[in-house]
Amino acid sequence: MMTVLLGTVASAQPQHVNWEPLNKVFSIKEGLPSSETYFVHQDRQGYIWFCTDRGVVRYDGFHLQTFTMKNGLPDNVIFWIYEDYKGRVWFVSYGGQLSYYDYTRNRVIKYKYNDLIADYIGNNLYPHKTFSIDREDNVSFGSGNLGILKIDAKGKSKIVVYKDDYCTFDLVNGTYLSTFNLLKTQEVFPNSYIMNIRKDGKLVKKVTNNTVYQVYMPNYLMELKKIKNVEIGRIQDCFFDLKTPDDVLRIPGTTGYFPIGNDVWITTIEGVYKLKDVPRYGFTKAPRIRYLKGYRVSAVFLDQEKGLWFSTLDKGVIYIPNMVVRNVPVFHDQIEMNVSHVVIDSYNELIYSNHLGVYRLNNQKPILETNGMSRNSLTRFSDILLISKNKSPVSMKDKNWLVFNYYDCYNEGDTSAIACSSMIARIHKNGTIDTLYDYFDYKRHQKNMHHFFETVCSSDKGEIFAGNAKGLFCFKNGRWDNSMFPEILRENRVSRVRYSKELGLIVGTRGNGIIVFKNNRVTHHITNENGLISDQINTIVVEPGGRVCWVTSNNGVSKLIFLNKEFVKIHNVLGVNGLISNEVNNLCLSRNMVYLATKRGLSKFPTDLRFLLNKHKKQVSVRDVNVDGGPVKTTGQNLLLKSNSKMIHIELKSTNYKSFGNQNYKYRLSDADKWIYGNSGSIDFYDLSSGEYHLELSYMSDNGIWQHPYGILNIQKPERFIETIWFYILLVLMSFSGAFLLIRRRSIQLNKQRDYKRQIEKLEQKALLAQMNPHFIFNALNSIQSFLMYQENELAERYLLKLSQLIRMTLNNSRESEINIEREIDVLHKYLELEKMRYKDRFDFAFDIHLSGAELRKCIPPMLIQPFVENSIIHGFKNLKEGGLLTIRFLKISNQVLSVEISDNGMGYQNTIDQKTTEHQSHGTKITSERLDLFRQKYGGTFEYQIETLTDSTGRATGTIVRMVIPVI
């Protein structure tokens, strides 16, 4: 929150106008934990610290950070701050306990000998405490009349310097000491106080004060401070120079006093007093100005930028960027007014105008009131005030002001002025007006002319120049002409034009900055890119001498100093410098002062702009760095990342407190990158590529100009392994190795497949041979011979036909790696028919098929079932004369697996293996097992069979069953 500081001048002469500096209030709304604050301090790092009753607060120019007991404080009520030779920031609490912020460890640390201080204080919680620490870490601590407690670095303590005396000492090194003992003084000097001044414990001076005793007290607080060669003593709310102790200045409600430069600031519960230039005027005779009336001020601090900070007991902390720029808000019926114009009249009185009229500032009395519909322009030439109003001209009789309708007015000297609206007129000192041009008379001659002009001026050669929305024009021979001007002056809206013999025409535009035109060419073009505060110009005022111009805009004020034909020095004044508003409508110059008419009232400051001088450079820097969510310490300005680091979060700090926490900055990682703009106080990067980066930053200073970029952090991210040459070498080697392994594996697979094929072919040949072995062929031929011998020609013919069909089918199937189930059944059926005929019907056979037509068309390897069928006939029915039954069941296909059962009612499997088996039998079984193993390797499925002996209830063998599981291909 920004407000205008209200104050009064402590003087016998009443003042009607109080010009006050702008201020910003830090309260709970801005992030303070409490509005009750006690002290302000700026450390060597540039941070501002606030003491409150709910912790200590650090301000980095962007954010407020609160430290409490959770962060290491021994007490949340912090009264005072002290910075030692190491840069440690010490906090003195209400109870006297000490702690400090250590920047090397970035945390609050409790003083390890607080127990000694607690024993020293006991139950005496005297609020005023003094503290210092020397270069050997020896602590000096004072509280009331308890003497001075000294604690060395090893924890040895002693109380020195006159116990029972109220003591204070210099806050730098603890050697400058004053003491005061009320009881002893009253015994020796009953009507006075005596202050003993000691250095290094030795008495060097006694100061007797009778006046203070007469106005105060039995309760007292004693302090002693120096400002140059003046030693100022304080006893409660009485102040005096030790050289003249009875010349007492009493300020009731005093809370403290603070020497700053040559001034002394006295804080009270009713505001703060500034005693100006005490060494020059003397302490009690120094001019006093009162600020912050109604505020309970507890401390004052001047920061490195000459900004003032005031801690208060009820309204937070108040910051004033400077005391040079002063403001007066203008109100009407408690409504803030937009001031359009301001002048200083011949009586050196400030006169301003708004839409309601024209007023004198010193008494707020109107010179002229209007209905609120007039612009009320205001200009002075010679001793005459020119007031614009939408009515006919008013006579100057018995007045020193003239009223008529105009938009802009330009002084041609002390004798005349030239004004513009829909006409161009010259006003003479005697009040007469000559019309030089009237649009309504000339419009029939120049139809493209705009109906009014916004600005006008004349040269020393008598030329008249005017501007409006259609550009800049020159009035020649009764006509307006712009052909002599370049396109930039013909195409841009001209909001103000002024003439200088040294510079020529100075043209302000709406959108294209300032253009200077002389000798038929543009000599200067000044825009926002060159440092101008804005390209939207409201007003131009040229100083006497013609080489210094003041330019107003809605972003502030610019002072242009034309050094030569090429170089222009630019100074900008903005709200951050103390203006009541950035929207500046107009200005006037008087006696080395600039007076501004703004949207919220009036502002003034010296024309030399010395208050803008800022020796501080590189005010924005790195505060903290977090990588992947965790804090990381930097080595100087160097940040070394891990190769797998992803998220980088950089917190910034700014000592440019005039930006009010809204510091604009831009940054980039290399010269080739585009600038990234921000004002949040942080910078984020995600997943940077490996390499070295130079993070540079530029910030907008308080005069609105971007500072020269500078480096704030060097970031180095090592290459990830995948980005190194070794990775590519390894990748090539792995590729070659992989290719080699793939080729080798493929070769092995091909070799295996060839081996499988050869083995399968051999086994299929063996199976074929096993199925069509010579013994089978011999038996078949014997059967045919037998049929012929017994003249069973028909049987022989039928048998021979079936045999030829079986041989043909077997040969066909042997050429294929798989056949459908239906064909396998046909082969088995033909084979069983032949065997049944050969064995003279000693057995019968049956097929039990539970498969659908689609399932019968699925494929399996050939000649897997026949060997088990043959075993049943040869071995199972070996001892049977008749009644044998062989059943082949195709049960189901489940999960691409075919279940088959082969059962007979022969002698049983166990009985057959107890007898000697023939070579044919063992050979067929072995071939089948080897084929199943090869199929298992080739297809990866389950090729299994199981042979069991069937028994009856008494355990007698009643047959054999073979259960097979064959994957469907």
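Helices H10 and H12 cross in a right-handed way. This comes from a predicted model, as does everything below. H10 covers residues 821–838 and H12 covers residues 866–876, and the two pack with their axes 11 Å apart at an angle of about 20°. Since angles under 35 degrees count as roughly parallel, H10 is roughly parallel to H12. On the H10 side, the touching residues are Leu828, Tyr831, Leu832 and Glu835, while H12 brings in Gln866, Val869, Glu870 and Ile873. Sorted by character, the residues of this contact come out as five nonpolar, one polar and two charged.

Moving on to the strands, one open sheet is built from four of them, lined up in the order E4-E5-E6-E7 with antiparallel pairing. At its edges stand E4 (37–42) and E7 (64–67); each has a single partner strand, so one side of each is left without a neighbour in the sheet. Neighbouring strands here are turned by 20° against each other on average, with direction ignored. Looking more closely at one of the pairings, E4 is joined to E5 (residues 48–52) by five bridges, and the two run antiparallel. Within this pairing, Val40 sits opposite Phe50 of E5.

Strand E5 also turns up in the aromatic pairs. Across the whole structure, a search picks out 52 such pairs. One of them is made by Trp49 and Tyr101, whose rings are 5.6 Å apart centre to centre, with 55° between the planes, giving a tilted arrangement. Trp49 belongs to strand E5 and Tyr101 to strand E10 (residues 98–102), so this pair ties together parts that lie 52 residues apart in sequence.

A further open sheet has four strands as well, in the order E45-E46-E47-E48, and here too the pairing is antiparallel. Its edge strands are E45 (455–458) and E48 (479–481), each of which pairs on one side only. From one strand to the next, the twist averages 30°. Edge strand E48 teams up with E47 (residues 471–476) through three bridges, again in the antiparallel sense. In that pairing, Cys474 has Asp481 of E48 as its bridge partner.

Key. Residues are numbered from 1 along each chain as its sequence is written. This is a predicted model: local features need pLDDT of at least 70, side-chain atom pairs count only at pLDDT 80 or more; totals for chains, interfaces and linings use all residues. Side-chain values use heavy atoms; hydrogens and water are left out. Two strands pair if DSSP finds at least two bridges between them. Axes are lines fitted to C-alpha atoms, for helices over the stretch in contact, and angles run from 0 to 180 degrees between N-to-C directions. Angles under 35 degrees count as roughly parallel, over 145 as roughly antiparallel, 65 to 115 as roughly perpendicular and the rest as oblique. A crossing is left-handed if the near helix is turned anticlockwise from the far one by less than a right angle, and right-handed if clockwise. Contact means heavy atoms within 4.5 Å. Ala, Val, Leu, Ile, Met, Phe, Trp, Tyr, Cys and Pro count as nonpolar, Asp, Glu, Lys and Arg as charged, and the others, Gly among them, as polar. Rings of Phe, Tyr and Trp (its six-membered ring) pair if their centres lie within 6.5 Å; planes under 30 degrees apart count as stacked, over 60 as edge-to-face and the rest as tilted.
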